[in-house]
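Thanks for making the time this morning. I would like to walk you through one model, going from single strand pairs up to the contact between chains, and I will keep to what can be read from the coordinates.

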Amino acid sequence: MTEIIEVPSPFCGIGTDDLTVQVNDLAVSVMANGCAVNTPAFEQVITDTSARVDGKDVSLEVAVAKAAELLSVSNQPVIGGCATDVNGMRGLMALADHSGAVVDNMNFTGARRNFLALQDTGWMNTTLAEIKNRCDYLLVVGVDLEGFAPRFFERYLWNQESMFLSDTSQRQIVYLGKAPSGEASISPAGVKAKVLACKDADLPEVMAVLRALVKGKKIVADTICGIAVSDLQEVADQLKAAKYGVVTWAAGALNFDQAELTVQMLSEMVKDINTMDTRCSGFPLGGKEGDQTANQVCGWTSAYPARARFSSGFPEYDPFLYDSNVMLANGEADVLVWVQAFNVTSVPPVTELPTIVVARSGMVFDKQPDVFIPVGTPGIDHAGHAYRLDNVVAIRLKKLRESGLPSTADVLNAIEQAL
Amino acid sequence: MLIKLTGGTVYDPASGIDGKVQTLYVQNGRFIKRPANDVKIDKEYDLKTKVLMAGAIDMHTHIGGGKGNIARMLIPEDHRKDPVHRSDITRSGCGHAMPSTFTTGYRYAEMGYTAGFEPAILPINARQAHMEMADIPILDKGGYVMLGSDDYLLRMLTAKKDQKAINDYVAWTMNAAKAIGVKVVNPGGINAFKFNQRKLDLDENNAHYGISPREILISLATAVKELGVKHPLHVHGCNLGVPGNVNTTLDTMQGIGGLPLHLTHIQFHSYGNEGDFKFSSGGAAIAEAINKTPNITADVGQILFGQTITASGDNMRQHANHGFASPDKWVSMDIECDAGCGVVPFKYRDQNFVNALQWAIGLEIFLLVDDPWRVFLTTDHPNGAPFTTYPHLIRLLMDKSFRNDMLATIHPEAQKMTTLGSIDREYSLQEIAILTRAGAAKLVGLEDRGSLAEGAWADITVYTENADREKMFEKPDYVFKDGELVVVDGKVVHTKWGTTHIVRPDWDSSVEKDLQKYFDRFMTMKVGNFKISDDEITEDGRGSLTTHSLNGVT
């Protein structure tokens, strides 16, 4: 039995790297600093160690050859999931380039709300350490922050010491839209976060009014979607009075039509505040199961985010056309490759097409894929790199045990070589 | 494999060879002595009438790191104009303003470049910089780690820590981030922006720390010198792009007390505020100051007309300039109590007075600095223009009549505000070889690169003489990297992986105790997880580290 300290997690997105784990042969137990997201993800047991073709155990070589065979006769493969580490994504990009596939990260439809806003007008954002040390006012828009990242408050807001705040418990927290699901947002001084609740679908209107108030526009109505305009006026005034306000949202949680316009409204409001003699920053929440990693690696190797097509021999980006679920539904693809090295419950979409699954050992299928290759988990079975949600910090993942499982990169590189 | 390169005209300023017909021999990646007559030559290239230079080295180009990837994400419409098809030996990608990593490597190599250095590696983002550069084929790479707006250094300066402690921290950071140099960007200004300061002059204090840019420059330049790092402190000065900033830049040069300083993209820091538009050229004054100040080197950061995107650590100045964004979208980030970044697309227009004069100012500096060993050919890719414009820039430097033809087409008021038309100088091939090879290798501190001498690594570019220097430099006949033929007739024929150049200055291990405390109290990761290990660069079997020597430490 070995104990390993300062273990970084690729699962929670916020880059916690203070976990203590015990490794007993192949069993991993989180001994300290676990959470509802990380602990089960680290402790997931290995079941499959053998690759399968048509449900029967085969050698890795046979499975790789079968995958290459399916891809070599495909006119339009799609590679979904894209949940792995940097080297896994590198292998995935090489395979996509060679086979003319569509690359589509499984969280892209959520992330698209951010990319559309980014690519239209841009934003002013910040990162975790700036929040930890500077943020004196946090506006949480349309997301249950502690549900998203259970340790966010503990690590980045109620930290005991900060460089520029004399008392972190004095930070003000305001929720707009969803209310918090637990008590993590209650300050150490016992102050509860203010909640201005509304339906998700009302957020476009509420955000528009808030931005108008920030800009000093007169609003005639008394309430907007159930929220008193006077309450919104107070938020506007507080954002402008804060020294380093932060507005956070999770694109994935803004589950209504044209939510990109809400992201844009929010981001433009942040820009406005920066012209009013103070500082303010946005902070998008994301980064789970390698989605930032997928976008980063696809970004530097193709110049586009992780929804791109390579069947013309060069990368083409379209955030709508190359949605793998739409392509599968419309009969625009003929082979599905599903790559998911982190989460056994994240199974491939249901399809009649030939399916190749390169996924974490332990994934259970209703219908056996044509090829299943169990792989090790980055940060448990092999070393690697994963991006944190703020997209700046790549954490160095550790190898914790000797499982003998290949990495995503090993498998995808082998398939690419076999093409 | 023994290769013979027969009868080319060699320009190798590092060896003092200026246009001499020579035959060179390459074995195991390096130049060797002429072998005995009975030794079998495996491959001979007849290079009679051809021009031979070392592979070119771009000592300041934004090719790795988060802000470049933000730039990529921001402008899909720019990529769509320049799709790059895959081939049996090359990967697909996109080109133009901010190319994908693979395309970056191919296009540099196809212009005869064999190394590029990322000048702005944030310590906290160094992994990303190296991971991106690890996906740039053919080129050698490396980078300068950014300090000066990091709260740790500013806390040290406020606490009046001694120079030895600063040196230890700088050396520790260089090791942790795998750097070959140290850069400072708008010294303290990126930090001041977080406290809502919108400008920071050389002697103006950071509102929180009470520290001025000049103090930061002196402490970092001293550290770099005392650690024996050959690349002088790489300085992106205060007030980038501000009319009248020429005085700040002159003051920066004079006020550094003779310490070695490299002033980067100095064109953006050479503006007067005279004339009808309160914008004028400081090019002549800057060049004269460089000529008189032997401890100063500079790269130009030439702008060239067209669409590009600017990506800088200087989010204070980028935010101030966001109104010029074209197309109108931009990103600014505060980053991890470490630094920041700002990404603003730009379209430089020859009929815009300011842009036209920026173009002329850059050329004035190139042509008025006497010593080609102290000025370097850059566009600050992609900030002044994409690196693929270098052959055009070389023609502007080498061909006065072409230059004057171009000058006659720019905004008429800008023509009146520049002395460019009266400058007769034309760069020689040898001088171009100094700017882009020998001088760059020396400045970065690279051993056995940038030269065609026996023992040096065989990075070679072979050109066909052409009076049209743009045509000559955009399409080399051959490019060799570490003795392997990678380009023929301006097209990649073979790819390989270059090395990562670093230095490893010594530091007192006690520095890590304070850093560990600081990380545990204020940062968001453990100090042990912050440091980049050697195997992170080498474990994929493609990357390697090349450690260069330091100056004798006194």
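Let me begin with strand 2 of chain A, residues 19-24, which pairs with strand 3 of chain A in the antiparallel sense over five bridges. If you want one pair of residues to find on the screen, take Gln22(A), whose bridge partner in strand 3 of chain A is Ser29(A). Please keep in mind throughout that this is a predicted model. These two strands belong to an open sheet of three strands in chain A, ordered 1-2-3, with antiparallel pairing. Strand 1, residues 2-7, and strand 3, residues 27-32, are the edge strands of that sheet in chain A, each of them pairing on one side only. On average, and ignoring direction, neighbouring strands of this sheet are turned by 30° against each other.

Chain A also holds an open sheet of nine strands, in the order 5-4-20-19-18-6-7-16-17, and here the pairing is mixed. Strand 5 (56-58) and strand 17 (316-317) of chain A stand at its edges with a single partner strand each, so one side of each has no neighbour in the sheet. Within chain A, strand 19, residues 355-360, and strand 20, residues 371-375, pair in the parallel sense over five bridges, and Val358(A) has Ile373(A) in strand 20 of chain A as its bridge partner.

Stepping back to chain A as a whole, we count 13 helices and 22 strands. Its radius of gyration is 23 Å, close to the 22 Å that the globule rule gives for 419 residues, so chain A is as compact as a globular protein of that length. The C-alpha trace of chain A spans about 65 × 50 × 35 Å along its principal axes, and 61% of the 419 residues in the chain are buried. If we take the contacts in chain A between residues at least 6 apart in sequence, 65% of them join residues at least 24 apart.

How is chain A divided into domains? Domain 1 takes in 47-107 together with 289-418, whereas domain 2 covers 111-285. The contact between these domains of chain A takes eight residues from domain 1 and eight residues from domain 2. On the domain 1 side of that contact in chain A, there are four nonpolar, two polar and two charged residues. Taken over C-alpha atoms, the centres of the two domains of chain A are separated by 34 Å.

Now to the contact between the chains, where 52 residues of chain A are in contact with 48 residues of chain B. On the chain B side, strand 18, residues 330-335, gives the most, with six residues, and that side as a whole divides into 18 nonpolar, 15 polar and 15 charged residues. Strand 18 of chain B also pairs across the chains, in the parallel sense and over four bridges, with strand 8 of chain A, residues 122-125. The bridge partner of Gly122(A) in that strand of chain B is Trp330(B).

Finally, which residues of chain B are the bridge partners of Leu52(B)? In strand 5 of chain B, Leu52(B) is the bridge partner of Val10(B), and in strand 21 of chain B, Leu52(B) has Val462(B) as its partner. Strand 5 of chain B, residues 50-54, is mostly covered, with five of its five residues buried.

Conventions. Residues numbered from 1 in each chain as written. Chains lettered and ligands numbered in written order. Predicted model: local features only at pLDDT ≥ 70, side-chain atom pairs only at ≥ 80, totals over all residues. Pairing = 2+ DSSP bridges. Axes fitted to C-alpha atoms, helices over the stretch in contact; angles between N-to-C directions. Rg over C-alpha atoms; globule rule 2.2 N^0.38 Å. Buried ≥ 20, exposed ≤ 12 C-beta atoms within 10 Å, placed from the backbone. Contact = placed C-beta atoms within 7 Å. Nonpolar A, V, L, I, M, F, W, Y, C, P; charged D, E, K, R; others polar. Domains from an automatic or database assignment.
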